[in-house]
Amino acid sequence: MAATPRRSTRGSLFTPSPFPSPAAVAPADTTYTWLSAPRPSATASSSTAAAPPAARTYYTSLSRVTSRGSGETAGGTPRKKRKGDEESRFSVGDGVSVNVEGGNEGVGVLTALWEQVGKEDDADDEDEERQSTAGDAGDNEGGKRMMAEIHWFFRKQDLPSVMRNVQVEDNEVLLAASSTKSVTTVLPVSLLLKTIPIYSREVYKQQFPDQERKTQWKGWAYVRQGVYWCARAYDKGVRGGRVYPVDVDDWRGRGKRGLGWEVLELEVNECEGEGEGEAEAAASGSDAASDEDAEDEDGAKAGAKRKRGRPPGRGRGGARGRGARKAAQERDTGSGKVRRKRVPHPKSSASHLPATLALDDLPTDPYERALRLLHVGATPESLPCREEEFVDVLGRVEEGVESGGGGCLYIAGVPGTGKTATVHAVVKELKRKAEDGELAPFSYVEINGLKIPSPQHAYVVLWEAISGARGCSAKTALRGLEAHFGRKVTGGVRGPRGHTFVVLMDELDQLLTAKQDVVYNFFNWPAMRDSQLFVVAVANRMDLPQHLAAKIKSRLGLQTLLFQPYDRTALIEIVQSRLVAHPRSTADPKVLAPDAIALAATKMAGTNGDARRVLDACRRAVEVALEAAARARTAAGASASANDARHPVTAREMVAVLNAMSSSPVSHFVRQCSEQQKVMLAALVRCVRREGVPEIPWRAVRTDHDALTRSLLDSADLLSTSELALVLASLLATHALTSPHADAARAADDRRVALGMEIGETGRVLMALGDEWRRALAGT
C-alpha cells in the first residue's frame, strides 16, 4: 500500500498564534482532583440568584497536577503526585488568572467549583458552546465535567477607551458589578492558569511600600507583576459607568461563608478614612500615568535581562555598586544631571481623532492665521452645512451604542463632501457624552483602506483592539474574530472586555476584493447576537451597494446615507466660517474679498463640489498675496511697514490662482486629447473606481467605452476593434496608459490596462469638461 506523501513546509514562514489551542491550555498529562468533600448545596452567585441545578455537585477546592509522564495508571485511576510534578491548588475565593481570547490573561475571583454530568437543560447557548469546545480537558470518567465560575475584575487595559475619566493606579483592579449585565463567566477548569493575590489597599501598601513598589535598574522602571489590589467597583450597567468604593476583603469573606457574592457599596462613614488615600492616589495616578504606562512593557524586558542571583543595583557582596551609590547621592543632594528616562516609541492608536484647532494657539496676524485655518487638515469645532447629516449619523450611532447590540451604516458621496469629518465630529460628541456619563462606555477603532497594506489587514486592526493581542497575522486575526463573534471558545473566554466597539471603515472602495469577503465579514459580524459592534462604512461611490453581492446588501439593509455635493452657497459659507478674528487681536480678519471667495466657490461647484479644492485655492491665494507683499516691501525699502503692502485677495488674483491650479500637466494633456481618447480615459477611471483595483482587463474598458460613447457623444456609431486598438496604442505611446509586459502573451481581451496619471486629478479634469462628463464620472 502506497504511503500518503507528506506536504513539505520547507521555505514557508511560521506565524505563531496569539492564543493557544485548547490542547495547549490543558495538556493530556494534566490531572484534576477534588480536594474537598462534596457540598450539599452551593451559594448562588451574583449573576444567578436561582437555586443551583440538581445535576451539579459543588466543591470548595481543586488540585491540578501537571507531569511529563502519563497522567493515569493502567487501571485508569489518577496516579499520585511524583517528584518533578507541578501542582496547583484552587479554592473558592482565590484570585485567579484566566486564559482569555487573544492569548492574554484575565483577572477574577473563583466563586464556585462544581462537577456536572453532560450538558444542562437550562444552560444558555454560550455555556453549551463553551462546555462543548473547551471543556474536554476537565472531563472525568462517565462524561463528568469540572466547571468553575469566575467573577471578573477590570484592569486598566480592560476598560473601554472612551468612558468617564477614571484614574486607575498601577496594580489596581476594579471589581466588576452590575445589576443588569452579567459580571461572571462559567468556564471549564482547564482555562484556569494560576492563583494570584488580590489585596485590599491597606494590606497592599503595608506589604509593598511606595519606595519598594518599583524597581530601578539602569534607568529602567517596571511595575510589580502578578499582584493586585482593589478598593473600588465599576458598574458597567449604569449609563456612563459608575465607580464606587467597596471592601474587597469583606466581599470575599461573605462569599466564602455562603452569604452570596453581591457587591455592596461602602457607607460614607466607613470610607472617610480612605478619602485622603484615594485622593492622593488619583492625583499621583494622573501625573505619572503616561510615563509609567510607557515603561511597563520595557521595564519587564529589562527585568528579564537581569543576571541570575543578583538583585538590581547591588554588587557581588550585597552592597550597592559604585555607580548606583553615585546616582543615589546625586538624587539625594540634587546635584548632577538628571538621568533621562528611556521611553519606548509611541504606539500607534487605532482610535486617533484629529485635534481641533484652538484660536488662542493660532498667530494673531490675520494672514498667518488664515494659512492655518484654511488648511484641509485643520479641524473646525463645527461643520457648516452638514448639520442635518450630523444629527442623523449621531442618532444612529448613539442608538447602536446605547442598545449594546450591533449595526451598520453606509455613507456615500463624492470626495470632499465632509463624510469623514462628519463621522469624526460624531465620535467626538459621543466621547463627550460618555465622559460626562450620558452614554454607555465604548471603544473607537478607525480603519482606513489607504493606510493599511492589504484589505485583509483590517482583521488585524480590529482583533488587536478587541483582544489586546499584538503582532498576529491576518489569518490568525480572522480566526479570532470569527470565534469572538460566533461565541466560540478557541483556547480562551471573552473575559471582562465586554463593551461596544464603534468601527469607522474609511475608503471602503479600497477594501473590496474579488470575493468581497472582507466587506462581507465586517457587515455580517454586527448582525450576530450580542456582537457589540457598530460599523460605519464611508466610500466615494454612491452605487457601491448595487455592485456588492446579495448577501452583503442584505446585511446593509436600509441604513444608508447619501452626502450631496456642496453648492456655491455652502462653499462660500465654509470658507467664511474659517476666517474668524483672534481673541487678542483687533486686526481685520477679512483677508479674502467676498468676490474672490464667490469666484472660487462658483468654479468648484461647477465640477464636483469639493470643499477641499476650494480651501486649497483660497489658501494658495493668501500665500500669493503674502509673497507679493514681501516683494513690494523689499522694493520700498526698510522704511515701509509690514502691513502697508498687504491687501485682501481680489477676484483678479483669485482668477490667476485658479488658472494656475487648472494648468497642471495632466490638464494640459487631457485638453489636447481627442474625443475618443478622453472617452477611453473616462472609461478607465470609471472602471478603477468601480472595481477598486488599479489594473483593469481590456474587455471591461471596452464595454465602458461603448457605453460612454452613446451617452457623452450621443452617437450610435461605435468604434470597431481595430479602431479601439489604435486609440489604446496612442495612449500607451504617451504613457497616459500602461500595460504590464507579462500580459503580452495573453489574449487581447485579457490584457490589463492601468492609468499612468493620478486618478484624482484625471477625474477632476474630465469632470470639468461639462455637466454630462460630471454626471457620467460621479455615477460610477
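Buried here means under 20% relative accessible area. Keep that cut-off in mind as you move through this predicted model.

**The whole chain**

Begin with everything in view. The chain has 780 residues, and buried residues make up 45% of them. Colour by secondary structure and you will find 24 helices and 23 strands. Now think about contacts between residues with a separation of 6 or more: 75% of those join residues 24 or more positions apart.

**Stop 1: Asp-704**

Select Asp-704, which sits in helix 21, residues 698–712. Is Asp-704 buried or exposed? Its relative accessible area is 8%, which is under the 20% cut-off, so Asp-704 counts as buried. Show side chains next. The side chain of Asp-704 makes a polar contact with the side chain of Arg-690, at 3.1 Å. Setting aside residues up to four places away in sequence, Asp-704 touches Ala-683, Arg-686, Cys-687 and Arg-690.

**Stop 2: helix 20**

Now select residues 675–691, which form helix 20. How many of the residues in helix 20 are buried? The count is 14 of 17, so this helix is mostly covered. From the first C-alpha of helix 20 to the last, the reach is 24 Å, close to the 24 Å expected at 1.5 Å a residue. Step just past the end of helix 20 to find Gly-692, with a positive phi near 80°.

**Stop 3: where helix 20 meets helix 22**

Keep helix 20 selected and add helix 22, residues 721–733. The two helices pack at an angle of about 80°, with their axes 10 Å apart. Helix 20 and helix 22 are therefore roughly perpendicular to each other. To see the contact itself, show Gln-676, Gln-677, Met-680 and Leu-681 on helix 20. Across from them, on helix 22, are Leu-724, Val-727, Leu-728, Ser-730 and Leu-731. The residues of this contact divide into six nonpolar, three polar and no charged.

While helix 22 is on screen, pick out Thr-721, which lies in it. Thr-721 counts as exposed, at 57% relative accessibility. Try a distance label from here to Arg-702: the two C-alpha atoms are separated by 9.0 Å, and the residues are 19 apart along the chain.

**Stop 4: helix 4**

Travel back along the sequence to residues 248–256, helix 4. Its buried residues are Val-248, Trp-251, Arg-252, Gly-253, Arg-254 and Gly-255. What covers these buried residues? Turn on the strands around them: the cover includes strand 5 (95–99), strand 6 (105–117), strand 7 (144–154), strand 8 (172–177), strand 11 (198–199) and strand 14 (228–235).

Look at both ends of helix 4 too. At the N-terminal end, Asp-247 acts as a cap, with a side-chain oxygen 3.3 Å from the backbone nitrogen of Asp-249. After the helix comes Gly-258, whose phi is positive, near 85°.

Before you leave, zoom in on Arg-254, also in helix 4. Arg-254 is buried, with a relative accessible area of 11%. The side chain of Arg-254 reaches the backbone oxygen of Glu-262 at 3.0 Å. Leaving aside neighbours within four places in sequence, Arg-254 is in contact with Leu-259, Gly-260, Glu-262 and Leu-264.

**Stop 5: helix 17**

Select residues 611–636 for helix 17, which has 26 residues. Its first and last C-alpha atoms span 38 Å, close to the 38 Å expected at 1.5 Å a residue. At the start of helix 17, a side-chain oxygen of Asp-610 comes to within 2.9 Å of the backbone nitrogen of Arg-612.

Next, highlight the buried residues of helix 17, among them Ala-611, Arg-613, Val-614, Leu-615, Cys-618, Val-622 and Leu-626. Which helices do the buried residues of helix 17 pack against? Show helix 7 (366–373), helix 15 (568–578), helix 16 (594–605), helix 18 (651–662) and helix 23 (759–767) to see them.

**Stop 6: two loops**

Most residues other than glycine have a negative phi. Two residues on this last stop have a positive one.

Select Asn-171, in the loop between strand 7 and strand 8. Its phi is positive, about 70°, although Asn-171 is not a glycine. Asn-171 is buried, with a relative accessible area of 9%.

Then go to Cys-385, in the loop between helix 7 and helix 8 (387–403). Cys-385 is not a glycine either, yet has a positive phi of about 65°.

Methods:
Residues numbered from 1 in each chain as written. Heavy atoms only, no water. Axes fitted to C-alpha atoms, helices over the stretch in contact; angles between N-to-C directions. Helix = DSSP H or I, 4+ residues; strand = E, 2+ residues; numbered from the N terminus. Parallel < 35°, antiparallel > 145°, perpendicular 65-115°, else oblique. Contact = heavy atoms within 4.5 Å. Nonpolar A, V, L, I, M, F, W, Y, C, P; charged D, E, K, R; others polar. Buried < 20%, exposed > 50% of the residue type's maximum accessible area, 1.4 Å probe, protein only. Polar contact = N/O pair within 3.5 Å; in protein donor to acceptor, adjacent residues only side chain to side chain. Expected span 1.5 Å × (residues − 1).
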